Amino acid sequence: MVETISPALARRVALAAQGFGRVPDARPGTRQFNLLLRRLGLLQIDSVNVYERSHYQPVFARLGEYDKAVLDKLTYGRGVTEYWAHEASFLPVETLPLMDWRKADYREWYRTHPESWGASNEKTIEWLRAELAEKGPLRASEIEHESNVRQGPWWGWSDVKRGLETMFRRGDVVSAGRTRFERVYALPEQVLPAEVLNASVSREDAIAELMSISARAHGIGTLTDLADYFRLKRVDAQPAIDRLVESGELLPVTVPGWGKPAWLHRDARLPRRVETAALLSPFDPVVWERARALRLFGLHYRIEIYTPAPKRVYGYYVLPVLIDDRIPARLDLKSDRQSGVLRVQSAWAEPGLVPDDLPRIAALLRSAATWQGLPGDIVVADRGTLSAALRAELG
């Protein structure tokens, strides 16, 4: 039986599944972080630090002000690992065997592309494997080799880094945490628990389980939504959906206006209202699939980090503002750590903005500044349709 879910309810279901609408603990710690990571399934990693690195912000959005050092102990510890899940991501270590098929795909790609760096530099890779076997987990910068020199511009990798990243994709090495955000590489047997190291999951079972994790994190979604969470191909994702429907875990539903089939997770909450206020990272699961953000919130959102400054519409690092179940504004933020100031480089109103939103947005910014350890003023630049009103609200 196909049920109809209104667009408004679908939006609330999606937010509830992502952990919004719950009263956060006054002092969130490891337990709350663990529960959130398993609710979300992963945290996307990105090195851009103009405001805050991407994996810290979704936790702040859901749990409020917290000690980042405590989250570091979790994400850089043995219970959490990294892999190319939705881009580079932190994920629970027990999820890693579900990625074995992707590692096998990488190995096959290198085998069939002998011209690639990974296929044509096996001697370097074997040398790196021997180094790790002898010396234990290492950062790329700790490995002494004549080829460990950056090549090209500032983001150019040395051959040592390229070798380690090739091995990481293929599963020859795994993450052993990070030091000052630099990944530490290890042979799997050096850091993985036996139950993870010895796990064997078929491709079909792994993809079905990944789709199950995705469906729980979405609450409700289309094929594209659910597949994108772990960057799965539709040809693999659709059979997994069929399997989850057959088991009763997913329920086919219709959402007017979506124009495509959707599925509701059987355990999804159907809240009558969602009360929350949050700044969303560009890499937050709520908005990272841009077509879903448009469908849910009417938000046309594109990240402009790689757009030349004169061509940017909204700004460099723009965070959508979530108020209850609406996105009424977006802010381009910068943590000026040298001056101790949170800078709002631009502020933009969305069509759903109401006057009562302004005090809540101002409170969000004050909380963000405190969390970032910025004791100075919040400085709002004179750019954007909301800048003057926000500056006045902040006083």
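This passage walks through the small set of strands around S4 and the helix that packs on them.

The model is a predicted one, so local features need pLDDT of at least 70 and side-chain atom pairs count only at pLDDT 80 or more, while totals for chains, interfaces and linings use all residues. Residues are numbered from 1 along each chain as its sequence is written, and side-chain values use heavy atoms, with hydrogens and water left out.

The sheet is open, with 3 strands in the order S2-S4-S3 and antiparallel pairing. Strands here are DSSP runs of E with at least two residues, helices are runs of H or I with at least four, and both are numbered from the N terminus; two strands count as paired if DSSP finds at least two bridges between them. S2 and S3 sit at the edges with a single partner strand each, so one side of each has no neighbour in the sheet. Helix H2 (residues 30–40) packs on this sheet and touches S2, S3 and S4, its direction making about 125° with that of S4. Contact means heavy atoms within 4.5 Å; axes are lines fitted to C-alpha atoms, for helices over the stretch in contact, and angles run from 0 to 180 degrees between N-to-C directions.

As for the pairings, S3 (residues 80–85) and S4 run antiparallel and are joined by 6 bridges, with a hairpin of 1 residue linking S3 to S4. Across this pair, Tyr83 has Ser89 as its bridge partner, and Glu82 stands opposite Phe90. On the S2 (residues 43–44) side, 2 bridges make an antiparallel pair with S4, where Leu43 stands opposite Phe90.

Finally, S4 (residues 87–92) has 5 of its 6 residues buried, so the strand is largely enclosed by the rest of the structure. Buried means under 20% relative accessible area, exposed over 50%, and partly exposed in between (1.4 Å probe, protein chains only).
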